[in-house]
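Biologist: Could you take a close look at how the bound molecules are held here, and go through their surroundings one after the other?

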Amino acid sequence: MISDSKERYGRISWLFHWVMTVLIGWQLMKIGDRIAEGEHWIGQTLVPWHVSIGTLLLVLIVLRIGWALKQRPQRPEHDPATALLVKGGHFLLYAAMLLMPLSGVMVMVGNGYGLTPFGIQLIAKGDEIAWASTLGSLHSPLAWLLLILVVGHTGIALLHHFVKRDGILKRML
Ligand code: HEM
Ligand code: HEM
């Protein structure tokens with residue numbers, strides 16, 4: 001099924017979830033620049049795509065938010081005892097997924113580097129812009145927050161599957 005239902009997430013939500021999981025995992029590899037100044041396989045093959053994949057993720061998250069709002073009335077429901085916590089956790093994941101690329105663009109624009117994803121110039125190089133650079137300084141702390149959220153979210157999903165065995169993971173598979 002293309003759309004979501006009360007029983008499970010549909011094809012489109014599934015595609016957004018797993019394609020973006022892979023791309024965000026790729027983006028988080030940028031932390032690898034802290035090891036040997038990025039002079040390793042990850043730093044030389046995956047990380048050079050950071051700005052391009054990040055810009056693609058900005059487009060994907062906007063589409064995903066639109067899709068999630070449309071699907072809201074028919075999405076799988078949560079156990080009432082923890083529903084607020086689950087919804088709060090998913091909201092934080094959405095907020096971090098949106099703020100990451102936005103703050104990344106601020107790093108580039110704020111430092112006057114311009115924005116050229118996949119070789120297509122969207123913003124030309126220019127002067128430094130102090131306010132954009134200040135917003136861009138949130139990029140790194142937000143990345144660590146997103147990493148913590150993703151580890152927590154994945155851990156809970158695996159706990160449901162292997163310990164509680166309640167089929168929560170299956171509705172996203
Ligand atoms: C979901 C999207 C993104 C994720 C998950 C992400 C993740 C990260 C991570 C983990 C770091 C390293 C932080 C550290 O070592 O403390 C980083 C740095 C960086 N990112 Fe991103 N990023 C994303 C999008 C973008 C975009 C769209 C741009 C540019 C248009 C960008 C530009 C940069 C730059 C220039 C740095 C190095 C400077 C800095 O740490 O402030 N990122 N990003
Ligand atoms: C970058 C990594 C990830 C992010 C940002 C993320 C984000 C989200 C978000 C926002 C939702 C709410 C539904 C939606 O709108 O799509 C969700 C649902 C879900 N995710 Fe993830 N996810 C990630 C990785 C994973 C991984 C690795 C697993 C499994 C091991 C997983 C398992 C699930 C499950 C089972 C649900 C459905 C939970 C429910 O509705 O009760 N996710 N995820």
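Modeller: His 50 and His 139 are both buried, where buried means under 20% relative accessible area, exposed over 50% and partly exposed in between, with a 1.4 Å probe and protein chains only. Because the model is predicted, local features need pLDDT of at least 70 and side-chain atom pairs count only at pLDDT 80 or more, while totals for chains, interfaces and linings use all residues; side-chain values use heavy atoms, with hydrogens and water left out. Residues are numbered from 1 along each chain as its sequence is written, and chains are lettered from A and ligands numbered from 1 in the order in which they are written.

The two buried histidines, His 50 and His 139, coordinate the iron atom of ligand 1 through their NE2 atoms at 2.0 Å (donors are N, O and S atoms within 2.8 Å of the metal, or 3.2 Å for Na, K and Ca; water is not among the atoms, so sites may look incomplete). His 50 belongs to helix H3 (residues 50-71) and His 139 to helix H6 (residues 139-164), so the pair ties together parts that are 89 residues apart in sequence; helices here are DSSP runs of H or I with at least four residues, numbered from the N terminus. Six donor atoms surround this iron atom of ligand 1, and because they subtend angles of 87 to 179°, the arrangement is octahedral, a term that requires opposite donors over 155 degrees apart and all others between 65 and 115.

The wider surroundings of ligand 1 comprise 21 residues, the closest being Arg 34, His 50, His 139, Ser 140 and Trp 144 (a residue is counted if one of its heavy atoms lies within 4 Å). Among the polar contacts, which are pairs of N or O atoms within 3.5 Å, a polar side-chain atom of Ser 140 lies 2.6 Å from an oxygen atom of ligand 1, and one of Arg 34 lies 2.7 Å from an oxygen atom of this ligand. His 50, already named as an iron ligand, has a polar side-chain atom 2.8 Å from a nitrogen atom of ligand 1.

Turning to ligand 2, its iron atom is coordinated by NE2 of His 17 and NE2 of His 153, at 2.0 Å. His 17 sits in helix H1 and His 153 in helix H6, so this pair ties together parts that are 136 residues apart in sequence. The site is again octahedral, with angles of 88 to 180° among the six donor atoms. With a relative accessible area of 13%, His 17 is buried, whereas His 153, with 31%, is partly exposed.

Ligand 2 is surrounded by 21 residues, and Tyr 9, His 17, Tyr 94, His 153 and Arg 171 are the closest. Helices H1 (11-28), H4 (83-110) and H6 each supply at least two residues of this shell, and H6 gives the largest share, five residues. By type, the shell divides into 12 nonpolar, six polar and three charged residues, where Ala, Val, Leu, Ile, Met, Phe, Trp, Tyr, Cys and Pro count as nonpolar, Asp, Glu, Lys and Arg as charged, and the others, Gly among them, as polar. An N or O atom in the side chain of Arg 64 is 2.8 Å from an oxygen atom of ligand 2, and one in the side chain of Arg 75 is likewise 2.8 Å from an oxygen atom of the ligand. For His 17, an N or O atom of the side chain is 2.8 Å from a nitrogen atom of ligand 2.

Definitions and conventions: Tetrahedral: all angles 85-135°; square planar, octahedral: opposite > 155°, others 65-115°. Polar contact = N/O pair within 3.5 Å; in protein donor to acceptor, adjacent residues only side chain to side chain.
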